[in-house]
Amino acid sequence: MTVTAIVGANWGDEGKGKMTDALAAKSSFVVRYQGGSNAGHTIINSYGKFALHMLPSGVFYPAITNVIGPGTALDIDVLLRERDELLSRGVPEPRIRISERAQVVLPIHRLFDELEETRLGEKSFGSTKRGIAPFYADKYAKLGVQVADLFEEERLLKRLEQSLAAKNIVLEQLYNRKPIHASELLPELRSQAEKLRPYVCDTSSLLHDAYRNGETILLEGQLGALRDPDHGIYPYSTSSSTLAGFAPVGAGLPPYAITRIIAVVKAYSSCVGAGPFVSELMGEEADQLRRLGGDAGEFGATTGRPRRVGWFDAVATRYGCMLQGATEAALTNLDVLGYLEEIPVCVGYELDGRIVKDSFPVTGKLQEAKPVLERLPGWRFDISHIRRFEDLPESAQQYVRFVEASIGVKVGSVSVGPKREQLITL
Ligand code: GDP
């Protein structure tokens with residue numbers, strides 16, 4: 001009986017989906033507890049290649065209950081579309097449960113996201129335009145719509161009217177758009193609600209019961225520690241906490257339930273969207289890593305934007321693991337580095353005439369930091385077929401040990417390819 005959180009130590013895209021899919025085999029529940037459809041988890045298994053944005057990564061196992069917790073930003077269209085796609089590609093009907101308290105991403109949230117990104121132009125924060133920032137702004141301003149509200153027409157209309165009152169002034173005055181009336185949104189929402197009905201329940205009681213019965217539960221984080229709004233590279237962060245500490249809140253479990261926290265660490269760095277990125281590579285070096293990371297699809301799973309790439313950043317990753325409270329790490333994408341004679345790694349930041357190693361500077365400072373690089377020997381070998389640590393080339397083993405020492409967390413598994421079976425357990 002364990003409750004495990006699988007979370008990102010970096011900027012996102014670390015390979016959490018693959019790790020969750022691999023671990024899900026032994027679980028009864030896989031739970032999404034924050035974020036919405038603004039990040040994609042890529043999963044490759046016997047059914048094919050999938051990018052899940054809204055569904056939990058346990059949907060490929062029919063015996064697993066996949067839960068959308070109250071802390072998530074539920075995009076109903078995306079969820080229903082993903083379910084249909086799975087069925088059309090031969091995946092058995094997944095077992096899905098959606099919290100009646102989860103809040104719904106409305107068309108108006110997506111519209112505001114787009115309008116605001118356009119208005120900000122070059123000063124934008126790199127939104128994926130899935131409505132996430134306006135959604136969470138409404139949630140905390142107490143203007144959101146909970147799933148349960150969808151089933152009560154009068155209440156839903158009132159909630160929408162309340163939400164739209166101020167927005168319509170902004171729409172007209174700031175964005176030069178026509179106002180939107182609550183009644184225009186109703187038919188679509190009511191129709192979505194009916195499709196959602198079979199999945200809706202009190203997921204917090206469901207999970208508490210499962211916890212008491214000793215079931216194995218996986219809590220699946222979205223994005224990574226450095227995108228956390230409190231601890232990350234604000235304002236280039238996301239709008240809900242990406243940390244394991246938030247997992248019991250967003251899922252609805254006791255805080256002491258989680259006994260295992262797996263921080264997924266990427267063997268090099270990648271990041272989609274704006275914000276400071278100290279070990280970033282440019283030009284040909286970046287193109288090469290992005291190209292050779294081809295299997296790792298270094299193009300955002302949600303936006304298709306080419307990911308920014310860089311060398312492994314020990315300062316950022318140690319900080320990410322610390323924030324996550326990692327009890328172990330899963331190192332992914334080690335295979336991608338197999339083309340290098342020597343592998344540069346960022347071991348510190350040069351900042352204000354000092355070398356910073358043990359703390360992660362605030363965003364304003366980070367923008368001025370320069371990477372301090374060291375070089376480790378490469379292995380120039382395709383390791384993607386290897387399944388035992390001791391069969392890895394000596395310098396690949398050394399790289400894993402280097403990462404372990406830098407982050408101060410034991411590496412429990414090493415991923416050597418995107419497929420489920422391309423995994424070494426230590
Ligand atoms: P997530 O959001 O953390 O699940 O990550 P993404 O799915 O956005 O990005 C991870 C990418 O790396 C996907 O294309 C995965 O298929 C791929 N991937 C995961 N682990 C490995 C690995 O060990 N090696 C390689 N080459 N690709 C991997």
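Glycine 325 follows helix α10 and has a positive phi, near 70 degrees. The model is predicted, and this report works from that helix to serine 99 and then to the ligand site.

**Helix α10**

Helix α10 spans residues 314-324. Nine of its eleven residues are buried, so the helix is largely enclosed by the rest of the structure. Ala314, Val315, Ala316 and Thr317 are among the buried residues. Tyr319, Gly320, Cys321, Leu323 and Gln324 are buried as well. The cover over these residues includes strands and a helix: β1 (3-8), β11 (260-266), β14 (312-313), β16 (342-351), β17 (354-356) and α12 (394-407). At the start of α10, aspartate 313 makes a polar contact: one of its side-chain oxygens comes to within 3.0 Å of the backbone nitrogen of valine 315.

**Serine 99**

Serine 99 sits in strand β7, residues 95-99. Is serine 99 buried or exposed? Its relative accessible area is 3%; the cut-off for buried is under 20%, so serine 99 counts as buried. Its side chain reaches the backbone nitrogen of arginine 101 at 2.9 Å. Leaving aside residues up to four places away in sequence, serine 99 touches Ile68, Gly69, Pro70, Val147, Cys201 and Thr203.

**The ligand site**

Where does the ligand lie with respect to domain 1 and domain 3? Domain 1 (3-100 + 198-261) and domain 3 (266-425) both give residues to the shell around the ligand, so the ligand lies between them. There are 21 residues around the ligand. Lys16, Gly17, Thr42, Asp335 and Ser415 come nearest. By type, the shell divides into four nonpolar, ten polar and seven charged residues.

Three polar contacts to ligand oxygen atoms are set out here.

| Residue | Protein atom | Distance to a ligand oxygen |
|---|---|---|
| Glycine 17 | polar backbone atom | 2.7 Å |
| Histidine 41 | polar side-chain atom | 2.9 Å |
| Asparagine 333 | backbone N or O atom | 2.9 Å |

Taken alone, the ligand exposes 580 Å², and the protein buries 99% of that. Two elements give two or more residues to the shell: α1 (16-24) and β3 (41-45). Which of them gives the largest share? Helix α1 does, with three residues.

Key: Residues are numbered from 1 along each chain as its sequence is written. This is a predicted model: local features need pLDDT of at least 70, side-chain atom pairs count only at pLDDT 80 or more; totals for chains, interfaces and linings use all residues. Side-chain values use heavy atoms; hydrogens and water are left out. A residue is near a molecule or strand if one of its heavy atoms lies within 4 Å of it. A polar contact is a pair of N or O atoms within 3.5 Å; within protein, one must be able to donate a hydrogen and the other to accept it, and residues adjacent in sequence count only if both atoms are side-chain atoms. Accessible areas come from the Shrake-Rupley method with a 1.4 Å probe; for residues, only the protein chains shown count as cover. Helices (H or I, at least four residues) and strands (E, at least two) are DSSP runs, numbered from the N terminus. Ala, Val, Leu, Ile, Met, Phe, Trp, Tyr, Cys and Pro count as nonpolar, Asp, Glu, Lys and Arg as charged, and the others, Gly among them, as polar. Domain bounds come from an automatic or database domain assignment. Buried means under 20% relative accessible area, exposed over 50%, partly exposed in between (1.4 Å probe, protein chains only). Contact means heavy atoms within 4.5 Å.
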